[in-house]
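Me: I'd like to talk through a fold with you, one step at a time. Could you take my questions as they come?

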Amino acid sequence: MRTRITPAPPLGEEQWAQILTVRANGRSQVTQQIIVRDGSLLVVLSGSPSEVKLHVDRALDKAAAR
């Protein structure tokens, strides 16, 4: 397993992002995690890097609306 800290989108009061690469049995799986804190709201989004980047704004907006 390898992790690499990456730039997080400028959302909320605090943000953090990383790319995880897991290798097993000759195969690799790449996952991105983005964590955003806005006040008392904490959103953790994890999945395919392209999907996470595409949906992080919407996920934060949807969570804040609840």
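Here are some questions and replies on this predicted model.

Me: In what order do the 4 strands of the open sheet lie?

Reply: Happy to start there! The edge strands, each pairing on one side only, are E1 (2-6) and E4 (41-47). The pairing is antiparallel, and the sheet's order is E1-E2-E3-E4.

Me: Which residue in E2 is the bridge partner of Ile-5?

Reply: Strand E2 covers residues 14-24 and runs antiparallel to E1, with 5 bridges joining the two. Within E2, Ile-5 has as its bridge partner Gln-18.

Me: What angle does the direction of helix H1 make with that of E4?

Reply: Let's set the scene with the sheet, whose neighbouring strands are turned by 15° against each other on average, direction ignored. Helix H1 (residues 49-64) packs on this sheet and touches E2, E3 (27-38) and E4. Its direction and that of E4 make an angle of about 155°.

Me: Is Thr-21 buried or exposed?

Reply: Thr-21 sits in strand E2. Leaving aside residues up to four places away in sequence, it touches Met-1, Arg-2, Gln-29 and Val-30. Its relative accessible area is 12%, and the cut-off for this class is under 20%, so Thr-21 counts as buried.

Me: How far apart in space are Asp-57 and Pro-10, C-alpha to C-alpha?

Reply: Asp-57 belongs to helix H1 and is partly exposed, at 41% relative accessibility. In sequence, Asp-57 and Pro-10 are 47 residues apart. In space, their C-alpha to C-alpha distance is 10.0 Å.

Technical notes: Residues numbered from 1 in each chain as written. Predicted model: local features only at pLDDT ≥ 70, side-chain atom pairs only at ≥ 80, totals over all residues. Heavy atoms only, no water. Pairing = 2+ DSSP bridges. Axes fitted to C-alpha atoms, helices over the stretch in contact; angles between N-to-C directions. Contact = heavy atoms within 4.5 Å. Buried < 20%, exposed > 50% of the residue type's maximum accessible area, 1.4 Å probe, protein only.
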